[in-house]
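Colleague: I am new to this structure and would be grateful for a close look at one part, the largest nonpolar core. Which residues and elements build it?

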Amino acid sequence: RGLHIIQAQSERLMEFTESFRHLSYLPQSEKRLFSLSDLLHNLEELLQTNFQENNISFTLRCSPEPMMTEGDEKQLSQVFLNLLKNAMQALEGHPHGELSLQAEQDEYIVIDITDNGPGIPPEIMDKVFIPFFTTKSEGTGIGLSLCKEIIRRHEGHLAIKESRAGKTVFHIELP
């Protein structure tokens with residue numbers, strides 16, 4: 001029994017160490033011009049089965065099309081994928097989940113990811129971007145902090161615009 005406890009603790013420590021390594025060794029951004037709208041449409045296609053299996057209605061709006069930006073396509077893809085997966089998890093068990101991603105380009109690129117889930121409780125709202133803070137039993141708590149750091153390295157801003165029962169909006173601004 002003691003060996004099983006030691007093994008379980010060791011595995012948790014290894015997970016923690018791996019998470020910390022990911023957080024502290026974020027590779028340098030390889031910025032180049034790419035189509036942000038194509039990236040978002042590819043993510044929509046990638047997640048289409050997940051949306052259908054979880055009864056989630058997904059809407060993607062990009063204006064203008066194509067929307068071009070300069071940045072690290074892989075890192076930005078990871079940000080959007082993480083935010084969309086978090087929103088899907090928030091909608092688990094919701095009979096009529098709605099998730100939207102709206103991207104607009106004017107002076108800045110503004111992206112809002114909105115879901116109609118239960119919202120983020122006010123008492124943890126200012127903690128969600130802190131590394132290793134998590135409300136998930138399986139989570140490591142680095143996803144949102146990594147997203148925020150990637151957006152910061154792109155000279156942008158990531159924040160929670162609004163969160164209440166029935167509506168949560170993650171807001172990104174990129175130059």
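Modeller: In this predicted model, the order of elements from the N terminus on is α-β-α-β-β-α-β-β-α-β-β, which gives the chain four helices and seven strands. Of its 175 residues, 38% are buried. Among contacts with a separation of 6 or more, 70% join residues 24 or more positions apart.

The largest nonpolar core holds 43 residues, and the members that touch the most others are Leu40, Phe80, Leu99, Leu101, Ile111 and Ile172. At least two residues of this core come from each of the following: helix 2 (36-53), helix 3 (73-90) and helix 4 (143-153), together with strand 2 (56-63), strand 4 (97-105), strand 5 (109-115), strand 6 (157-164) and strand 7 (167-174). Helix 3 contributes the most, with eight residues. As a general background, nonpolar side chains in soluble globular proteins tend to be buried together.

Leu101 shows the surroundings of one core member. Beyond its neighbours within four places in sequence, Leu101 is in contact with Leu40, Leu84, Ile111 and Ile113, with Phe58, Thr59, Leu60 and Arg61, and with Asp112.

Two cysteines may also be considered. Cys147 is buried at a relative accessible area of 3%, and Cys62 also counts as buried, at 14% relative accessibility. The count of disulfides in the model is zero.

As for the outside, the accessible surface of the chain comes to about 10700 Å², and carbon and sulfur atoms account for 51% of that area.

Technical notes:
Residues are numbered from 1 along each chain as its sequence is written. This is a predicted model: local features need pLDDT of at least 70, side-chain atom pairs count only at pLDDT 80 or more; totals for chains, interfaces and linings use all residues. Side-chain values use heavy atoms; hydrogens and water are left out. Buried means under 20% relative accessible area, exposed over 50%, partly exposed in between (1.4 Å probe, protein chains only). Contact means heavy atoms within 4.5 Å. Accessible areas come from the Shrake-Rupley method with a 1.4 Å probe; for residues, only the protein chains shown count as cover. A nonpolar core is a set of buried Ala, Val, Leu, Ile, Met, Phe, Trp, Tyr and Cys residues joined through side-chain atoms within 4.5 Å. A disulfide is a pair of cysteine sulfur atoms within 2.5 Å.
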